[in-house]
Structures are given as structure tokens and as C-alpha cells.
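Let us walk through this model together, from its overall layout to its sheets and then to the RNA.

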Amino acid sequence: MSKLYVRTLREVPAEAETPSHRLLLRAGFIRKTAAGIYTYLPLARRVLAKIERVVREEMDAAGGQEVLLPLLQPAEIWRASGRWDVYGEEMFRLRDRHDREFCLGPTHEEIITTLVGNEVRSYRELPLLLYQIQNKYRDEIRPRFGVMRSREFIMKDLYSFDRDEEGLERSYQAMFRAYSRIFARLGLAFRAVEADSGAIGGEVSHEFMVLAGTGEATIVHCRACAYAANAEKAEAAPAVPEAPSNVRPEEVHTPGLRSVPEVAAFLGVPPTRLIKTLVYITARGPVAVLLRGTDNLNEVKLGHVLDGAWFRPATEEEAAAMGIPLGFAGPAGLQGIRIIADPAVMAMGEAITGANRPDYHLRGVVPGRDFRPDEIRTVRLAQSGDPCPRCGAPLAEQRGVEVGHIFKLGTKYSQALNATFQDENGLQRPFVMGCYGIGITRTMAAAIEQNYDEEGIKWPLPIAPYEVIVIPVNVNDAGQWEKAHALYLSLREAGVETVLDDRDERPGVKFKDADLIGFPLRLTVGPRSLAEGRVEVKDRATGEVFAWPLTEAVRLCRHYLETMRAKLQERAGL
RNA sequence: CGGGGUGUGGCGCAGCUUGGUAGCGCGCUUGCCUUGGGCGCAAGAGGUCCCGGGUUCAAAUCCCGGCACCCCGACCA
């Protein structure tokens with residue numbers, strides 16, 4: 001320990017907010033070099049190496065072959081795919097001495113597709129699965145949470161090349177299984193969820209989420225069946241339509257009441273009886289979005305409805321210019337604006353809306369009778385309690401950290417880059433591709449978000465930087481020191497990754513550091529247990545404390561670690 | 001990029017309003033003491049007060065310009 005390059009911090013650096021960021025800094029795993037750029041110290045390096053090792057084993061087992069690709073990439077291949085202009089500010093760009101343009105690779109579809117397109121001629125060579133584990137660079141608008149959202153990060157990416165959709169499906173399924181094995185082997189609780197494929201393209205996509213209360217992603221999942229999705233993607237079974245009411249619309253005076261809860265309380269009705277009208281400015285003109293009072297807008301889905309055109313909420317002034325008083329907006333009588341209604345709104349038999357007149361709402365509004373939207377599209381965010389789209393049981397929400405994402409890309413890149421092979425009929429066809437990423441550095445952070453307490457990190461055994469720390473309570477006591485040192489040497493000899501805390505520090509300091517760094521097992525050699533010829537054992541994850549006879553310690557320690565591993569394997573169903 | 005905030009020994013901060021000597025806690029070094037949960041005592045080392053310009057006899061402090069970093073938002077693995 002005295003030789004290990006680790007400096008723990010007693011006080012929390014002011015810049016750290018999230019648990020993983022704070023603990024990685026405090027426990028001496030990382031140091032910041034610039035915003036979103038970190039130096040990884042020896043402890044972190046060991047964790048990353050362990051994660052990478054499991055990833056390599058599973059990628060190889062699934063038929064992947066590792067390559068190293070350039071981080072510095074010429075602009076021309078990005079121009080060829082059309083992404084040089086599309087990628088925008090997020091790409092680090094630079095020029096060489098001849099003024100040629102380059103970028104630091106934010107991802108590697110272009111490089112790999114160009115490579116394979118130049119090399120692979122025949123369907124007989126397919127499928128081909130190539131992967132890399134390397135740094136990637138993205139000039140994030142706002143790096144944050146330490147290593148969770150940094151500008152330089154380590155990522156594993158595998159690209160699959162198949163001859164057709166069936167081949168892609170096989171590759172995709174193989175990767176899905178490999179990913180499930182990886183996160184299980186790392187000792188992490190995770191969930192695979194259906195995801196929106198976003199900017200990278202393609203139709204089908206799954207994210208692998210490490211479950212953690214501090215995670216930034218919301219997962220919606222079914223308690224009864226296997227359905228789980230990113231909240232952005234999640235669906236709910238359609239609302240049951242109510243019989244339309246035959247009451248007539250009537251204005252009510254609602255002075256200064258602009259929000260759904262206020263109006264509902266004032267009128268003495270549940271907020272589900274209200275329709276809220278959101279006004280957006282978009283690249284295609286103004287849009288009014290109608291949602292049930294208790295629903296929230298899913299901006300990703302609205303984006304799809306708008307075919308990816310940009311949009312933002314209208315300001316009070318902009319809405320007023322269209323004759324819409326924000327807070328009192330309603331669909332009835334709206335002119336000159338595209339109206340998009342969520343199906344849940346259309347299922348309402350009678351509702352309360354804004355009256356498009358300051359300080360007035362309208363009750364007795366019947367959707368379909370008193371207003372007709374231009375489009376009925378699902379734009380609400382699925383939420384806890386909604387019926388599952390598969391089985392109807394109530395949905396629940398969880399938080400998670402996205403650590404893996406798998407996509408079916410299809411022929412998007414192979415067509416753009418003219419990467420083709422010859423099929424058995426002699427025809428040139430574009431490769432059908434998939435891409436499968438794992439954030440290695442982010443996985444380290446996610447593991448902490450899932451496993452920590454007040455005192456520090458509780459590393460899952462498979463990725464802990466070391467497995468065991470041996471602490472002599474007093475290194476100046478010859479008996480303790482000799483026993484501890486001997487124990488340390490025999491553990492190492494037995495293949496246990498062990499650290500000896502040989503520092504002449506007070507026991508409290510050593511215990512605190514051991515808890516902070518998160519060694520899964522702590523063996524204490526001190527006067528209490530030594531008197532009985534025992535060593536004291538503390539399991540960091542469970543907090544259990546017990547003792548082993550010193551003479552049996554090595555054997556029992558190995559056995560204990562083996563049992564921990566076996567439990568993980570069992571839980572993983574491996 | 002919009003809004004808010006911060007830059008003072010390694011870390012956490014005070015001092016700035018009202019200009020004049022740079023201070024506290026932790027850490028670090030040395031000695032004594034102590035050894036089962038970040039002991040105790042004593043003596044030390046360590047600072048371009050983010051950078052540049054201006055005002056002034058005098059600037060950490062006031063003014064102007066820049067840079068860096070953090071938080072909230074839009075964006076994302």
C-alpha cells in the first residue's frame with residue numbers, strides 16, 4: 001500500500017456532484033486534466049482492464065475479431081458518408097500542416113465500412129464481426145458527472161457485416177446474448193430495454209442499462225411480463241375510449257389559474273379531466289400539442305412526428321402573437337396552427353381545456369366534436385401505472401445508466417460509402433450492418449452508482465481493482481506485522497489479488513481508506529483476533545464481520561471468493 | 001449557446017462590501033507521544049491571490065478585457 005500510487009482525499013473536491021465522480025476522485029482512481037478529460041490512475045486502470053477482459057472474452061466467443069482503428073480520421077471519409085456536415089459541433093476537428101482536415105473519431109462506422117468495403121469481395125467471407133476497444137472523442141456541449149459524460153472516453157464497438165437481414169438478425173441476437181453475459185459477469189444488476197435509435201440510424205435498437213437510483217435514464221418496465229423500454233421509446237396500451245358526453249361547452253372564469261393542478265383544484269375535478277395545450281415553434285411552423293392533464297410530452301416522439309425538424313416551446317410573446325394566451329390555450333377554435341393530439345386525449349368523453357381567452361377555461365369540451373386535430377399521434381411519455389402494451393399489467397419506472405447500445409444499421413453506411421460484396425448470383429450488394437457499443441469507462445462509473453455507501457465504493461468482485469486488503473492494526477508490533485506480511489505473501493502466491501497496508505498509520509485511517517477504495521474483502525491482523533490465532537474478516541458489500549483461523553486463512557479466503565463468484569454466475573444464469 | 005456562479009498553498013474555504021501585514025481547517029515535513037474507525041502535543045515547509053491592462057503613493061480587494069472551471073437548460077453513450 002505504501003508503494004501503490006494512490007492518494008485518497010478526505011475532503012470532497014468541489015466539482016464533484018454524483019457519487020461515482022466524487023468517489024473516483026476521493027478514492028484516488030481518477031484526476032481531472034481538463035473539462036471532460038481525465039487521467040486514469042493505477043486503481044482505475046486495473047478496473048478498466050478487468051472490464052475490457054470480460055468484454056474481449058465475450059466478443060471473441062461470439063465470433064468477433066479485434067482490430068485497432070485510427071483515432072485520427074481524414075475528413076474525406078466523413079464527407080463520403082455525409083456526416084462531416086451532419087455531426088456538427090460535437091466533432092473535434094483539426095488540420096494538419098498541409099491544411100488537410102481531420103477529426104478525432106467520435107465513432108468508427110466510416111473507417112470500418114471503408115475498410116471492409118475495400119477488402120471483402122464475396123458473400124463467402126460473411127458474416128464478419130470486427131471490434132475495437134479504444135478512445136473516442138466527442139466535444140460534448142456540457143461534459144458532466146465525471147467519467148459518465150466525458151469528452152474522451154473508452155468504448156468498445158463491434159461492427160457486424162452480413163449478406164442479408166436474416167444474417168443481421170443472427171448477429172444482433174448473438175450480440176444481445178453476449179451483452180447480457182458481459183454485464184452479468186461483471187456482477188452488475190442490469191436490464192436490456194427497447195430504445196429509440198436516435199441519430200446513429202437504423203430501426204431496431206436495445207440499450208443495456210445498469211440499474212441505479214442516480215441514473216439519468218428512465219426505464220419503463222412491466223411487472224408481469226418481460227417488456228422494458230427506455231422511457232423515450234416506451235409505449236402503453238391505448239386508453240379505453242369513454243362514451244362522448246352530450247353536454248355543451250361552457251366558459252368558466254378561472255382568474256390567474258394557469259396550471260393543470262390549479263385549475264383542477266379550483267373546479268373540483270381530478271386533473272385527468274383536463275387537456276393541456278402546449279405550443280411549439282418548429283422548423284415547419286407552429287404546432288399545438290394536446291395531452292391529458294396528467295401526461296407529459298415525450299419530446300423524442302414529437303420529434304418523430306415532426307420528421308426530425310427542430311422545435312422548441314413558444315414564448316409567451318410568440319404565442320400571444322398567434323392569438324394564444326399561454327396558460328389558457330385550448331384546441332377549440334384554434335386557427336392557423338397544426339394540432340397534434342395524443343390518442344389518450346381523443347379517448348376522453350368530456351374535458352376541460354383553455355378557452356383561448358385570458359382567465360377563462362372551457363368545460364364540457366368533447367374531443368372530435370368541439371375540435372378536430374390535424375393528426376392523432378402518440379406523443380405522451382409512458383409512465384408508472386400505465387397498462388403494459390404487451391400484457392396490460394401496470395408498468396413501473398426505474399432509473400438506470402446506459403452502458404451499452406446495440407443497433408441494426410442496415411445498409412445506411414454501406415450504401416453511402418459504396419461498400420458492397422458479390423452474392424451467389426454475381427450481384428453487387430451492400431453489406432447489411434449492425435453496430436454494438438459498450439462504454440467501458442462509463443461502465444466503471446455505473447458500477448459505482450449501483451454499489452456505494454457513505455464510506456465509499458463497494459466494488460463487485462469481478463471488477464474490483466484488488467480482491468483483498470490485509471491490514472495489520474499496528475505495523476510496529478512485530479507479531480502483527482510478521483503475521484500480516486506472511487498472510488499477504490501466501491495469498492498472493494495462491495493467486496489472490498492482495499494489497500498489504502504496510503503504512504504506519506492509525507488503524508482508523510487504514511480502515512477508512514479500505515472502505516473508500518472498496519476492497520471486497522478486508523483481513524485485519526490485530527491484537528484481538530491474533531490472541532485466538534485468528535484473522536478478522538469483513539465483507540465490504542454485506543458488512544458482515546467474522547474470523548478465520550490464521551492457519552486456514554488462505555484456503556478459506558480462496559473458498560470465500562470462489563463462492564462469491566459462483567453466486568454471481570448463478571445469478572447470471574451462466 | 002442562453003441563465004446562474006466560482007477562480008486565494010495539494011484539498012475545502014475565509015478575506016474583497018470599506019484598498020495598506022494573505023489567513024483558517026485538512027493534508028505535507030520533522031520530533032515526541034499514540035495504535036481497533038480519518039489520535040494528541042510541538043516545530044516547520046509551502047502562495048505569480050486565474051491571466052492581461054487600467055485607476056492609485058499603494059490592488060487579492062476598485063474598473064476594463066480575456067481565460068478556465070462548476071451548476072441549471074437545450075443535446076447526448
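Two strands count as paired if DSSP finds at least two bridges between them, and helices (H or I, at least four residues) and strands (E, at least two) are DSSP runs numbered from the N terminus. With that in hand, take a hairpin as a warm-up: strand E5 (residues 92–95) and strand E6 (residues 101–104) pair in the antiparallel sense over 4 bridges. Arg 93 stands opposite Cys 103 in E6. The hairpin has 5 residues between its strands, and Asp 99 takes a positive phi near 70 degrees there.

A word on ground rules before we go further. This is a predicted model, in which local features need pLDDT of at least 70 and side-chain atom pairs count only at pLDDT 80 or more, while totals for chains, interfaces and linings use all residues. Residues are numbered from 1 along each chain as its sequence is written, chains are lettered from A and ligands numbered from 1 in the order in which they are written, and side-chain values use heavy atoms, with hydrogens and water left out.

Now step back to see chain A as a whole. Its C-alpha atoms fill a box of roughly 90 × 70 × 50 Å along the principal axes, and its secondary structure comes to 16 helices and 31 strands. Of the 574 residues in chain A, 51% are buried (buried means under 20% relative accessible area, exposed over 50% and partly exposed in between, with a 1.4 Å probe and protein chains only). The domain assignment gives domain 1 (19–235 + 397–449), domain 2 (250–376) and domain 3 (466–572); such bounds come from an automatic or database domain assignment. Taken over C-alpha atoms, the centres of domain 2 and domain 3 are separated by 63 Å.

Let us look at a buried strand next. All 8 of the 8 residues of strand E24 (residues 432–439) are buried, so E24 is largely enclosed by the rest of the structure. Both of its faces are covered: Val 432, Gly 434, Tyr 436 and Ile 438 are buried on one side, and Met 433, Cys 435, Gly 437 and Gly 439 on the other. Which strands pair with E24? Strand E8 (residues 152–162) does so in the antiparallel sense over 8 bridges, with Ser 160 as the bridge partner of Gly 434. Strand E21 (residues 395–410) also pairs with E24 in the antiparallel sense, over 6 bridges, and here Gly 410 is matched with Met 433.

Two open sheets are worth following next. One has 3 strands in the order E13-E19-E18, with antiparallel pairing. Strand E13 (250–253) and strand E18 (351–357) stand at its edges, each with a single partner strand, so one side of each is left without a neighbour in the sheet. Neighbouring strands here are turned by 40 degrees against each other on average, direction ignored (axes are lines fitted to C-alpha atoms, for helices over the stretch in contact, and angles run from 0 to 180 degrees between N-to-C directions). E13 is joined to strand E19 (residues 360–365) by 4 bridges, and Val 252 has His 361 as its bridge partner.

The other open sheet has 5 strands in the order E16-E14-E15-E17-E20, with mixed pairing. Its edge strands are E16 and strand E20 (375–376), each pairing on one side only. Inside this order, strand E14 (residues 275–282) and strand E15 (residues 285–292) run antiparallel and are joined by 8 bridges, with Thr 277 opposite Leu 290. In the loop between strand E16 (311–313) and helix H9 (316–321) you will find Thr 315, which is partly exposed with a relative accessible area of 33%.

Finally, turn to RNA strand B. There are 45 residues around it, and Arg 142, Arg 149, Glu 402, Arg 442 and Glu 536 come nearest (a residue is near a molecule or strand if one of its heavy atoms lies within 4 Å of it). Sugar and phosphate account for 48% of the atoms of RNA strand B that come within 4 Å of the protein. The residues of this surface divide into 13 nonpolar, 7 polar and 25 charged (Ala, Val, Leu, Ile, Met, Phe, Trp, Tyr, Cys and Pro count as nonpolar, Asp, Glu, Lys and Arg as charged, and the others, Gly among them, as polar). Helix H14 (507–517) supplies the largest share, 8 residues.
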